[in-house]
Amino acid sequence: MDQPVFFAILLGIGGVSFVSGVLAYRGKYVAWLALKSFFPGWPGLAGLYIGAAILSGAGAAVVLQAMPEGNVVRALLGLLLIFTMIAGAIIGIIGMFWLPRFMLPQWVKDTIDEIRRGEDPLSQALRPGGSLYGRLGNPDAGPAPTSPADQGPRTPENGDGREGPR
């Protein structure tokens, strides 16, 4: 390579993106979920494909430069790596904005289903009787109760342990 520093940086970025994408798919790395507020898609999962594109592009450069011209293996391996680079880049860029359900890992599918059913902790707190019900967007509602004693006794009528009008 003529530019070893650039190549090393490229390998570093590609490697970090690829490994973080693998960890995101396995559910071991979930800090990328904070990026969901900036991107409508799945940026952490897209890192797998973007990393694969960067690494296969770097691999194609090495193969095409290191192997002698006219070699069939060089041509086939170069084509395979370039195809992988293009496919990974396209899927990675689209993945920043949207991924079809079949490309999502099971833990993401389960979380989406849990949110749709209203079984996640935030949905439970926002539903009538929950600790945040009527408080978000209503400055006159006062602070949320901080302990079970502030909520009052549990009664079968309201089911949440608070008495009074809703």
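Accessible areas here come from the Shrake-Rupley method with a 1.4 Å probe. With that in hand, welcome to the tour; please keep in mind that you are looking at a predicted model.

**Stop 1: the whole chain**

Start by selecting the full protein chain and colouring it by secondary structure. You will find 6 helices and 0 strands, so the run of elements from the N terminus reads α-α-α-α-α-α. Now switch on the surface: its accessible area is about 10800 Å², and carbon and sulfur atoms account for 68% of that. Of the 166 residues in the chain, 30% are buried. If you draw contacts between residues at least 6 apart in sequence, 52% of them link residues at least 24 apart.

**Stop 2: helix α1**

Next, select residues 4–26, which form helix α1. This helix has 23 residues, and the distance from its first C-alpha to its last is 33 Å, close to the 33 Å expected at 1.5 Å a residue. Step just past its end to Gly27, which follows α1 and has a positive phi, near 85°.

Which residues of α1 are buried? Show Phe7, Gly14, Ser17, Gly21, Ala24 and Tyr25 as sticks, and you have them. As you look along the helix, recall that an α-helix has 3.6 residues a turn, so residues three or four places apart point the same way. To see what lies over the buried residues of α1, add α2 (43–66) and α4 (106–117), which are among the elements that cover them.

**Stop 3: Ser17**

Stay on α1 and centre the view on Ser17, which lies in this helix. Is Ser17 buried or exposed? Its relative accessible area is 18%, and because buried means under 20%, Ser17 counts as buried. Leaving aside residues up to four places away in sequence, select Gly47, Leu48 and Gly51 to see what Ser17 touches.

**Stop 4: the nonpolar patch**

Now return to the surface and select Leu64, Ile82, Met85, Ile86, Ile90, Ile93, Ile94, Phe97 and Trp98. Together these residues make a nonpolar surface patch of about 830 Å². Which helix gives the most to the patch? Highlight residues 72–95: this is helix α3, and its contribution is 6 residues.

**Stop 5: Met85**

For a last close-up, zoom in on Met85, a member of the patch that is found in helix α3. Met85 has a relative accessible area of 30%, so this residue is partly exposed. Toggle between Met85 and Ser17 to end the tour: Met85 is partly exposed, whereas Ser17 is buried.

How values were computed. Residues numbered from 1 in each chain as written. Predicted model: local features only at pLDDT ≥ 70, side-chain atom pairs only at ≥ 80, totals over all residues. Heavy atoms only, no water. Helix = DSSP H or I, 4+ residues; strand = E, 2+ residues; numbered from the N terminus. Buried < 20%, exposed > 50% of the residue type's maximum accessible area, 1.4 Å probe, protein only. Contact = heavy atoms within 4.5 Å. Expected span 1.5 Å × (residues − 1). Patch = residues over 30% accessible without salt bridge, like charges linked within 9 Å, V, L, I, M, F, W, Y side chains within 5 Å. Salt bridge = Lys/Arg side-chain N within 4 Å of Asp/Glu carboxyl O.
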